[in-house]
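Work through the following exercises with the sequence and the structure side by side. Each task is followed by a solution in steps.

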Amino acid sequence: MNQEARDKLVEAELSGVKQIRGALVTKDGKCALGVLGVNEDASNIQQIRDLYGLNGLAKRCPFYGTENERPACFYYSPASRFEVLVESSLVIHLNDVHHLSFLDIARKFPESSSD
Ligand SMILES: [Zn+2]
């Protein structure tokens, strides 16, 4: 995730965009990827990945195995270590599973080697 994406998420938080889960964009609000401009049917997802540096592979969820965060997360388990997590999927995971605000996604999204 590049700086431009982080800035855009912060801006959405500050301007009071309503955050939704389980969908990209609805008339009620947007998820974090929706804020970055992915449309309702995700037909432009590749374009948005390219624009905001979300093609990289995240090693694991930042909440992986943590005890002091709820829910503790095992997204990307050692048993499936050959699986990789595309960063755009991690954005949705943080939005939908960990209920992170736009601001926290901007802050906590792991650095990527593709940035
Ligand atoms: Zn997680």
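**Exercise 1.** Which residues are exposed on the other side of α1, away from its buried residues?

*Solution.* The model is a predicted one, in which local features need pLDDT of at least 70 and side-chain atom pairs count only at pLDDT 80 or more, while totals for chains, interfaces and linings use all residues. Residue numbers run from 1 along each chain as its sequence is written. Begin with the buried set, where a residue is buried if 20 or more other C-beta atoms lie within 10 Å of its own, exposed if 12 or fewer, and partly exposed in between, with C-beta atoms placed from the backbone. In α1 the buried residues are A5, L9 and A12. They lie on the same side of α1, because they cover an arc of only 60° around the axis, the arc being that of the directions from the helix axis to the C-beta atoms. The exposed residues on the other side of α1 are Q3, E4, D7 and L14. As a last step, look at what covers the buried residues of α1, which includes α2, α3 and α5.

**Exercise 2.** Place α1 within the secondary structure of the protein chain, and check its span.

*Solution.* The protein chain has 5 helices and 2 strands, where helices (H or I, at least four residues) and strands (E, at least two) are DSSP runs numbered from the N terminus. Along the sequence they follow the pattern α-α-α-β-β-α-α. For α1, the 12 residues reach 16 Å from the first C-alpha to the last, close to the 16 Å expected at 1.5 Å a residue; the expected span is 1.5 Å times one less than the number of residues. Just after α1, G16 takes a positive phi of about 75°.

**Exercise 3.** Which members of the largest nonpolar core touch the most other members?

*Solution.* A nonpolar core is a set of buried Ala, Val, Leu, Ile, Met, Phe, Trp, Tyr and Cys residues joined through C-beta atoms within 7 Å. The largest such core has 22 residues, and those touching the most other members are L9, A32, L33, L36, V91, F102 and I105. The elements that give two or more residues to this core are α1 (3-14), α2 (32-35), α4 (87-96) and α5 (102-108). Then follow L33, which, leaving aside its neighbours within four places in sequence, is in contact (C-beta atoms, placed from the backbone, within 7 Å) with L24, V38, S88, V91 and I92.

Terms used
Two residues are in contact if their C-beta atoms, placed from the backbone, lie within 7 Å.
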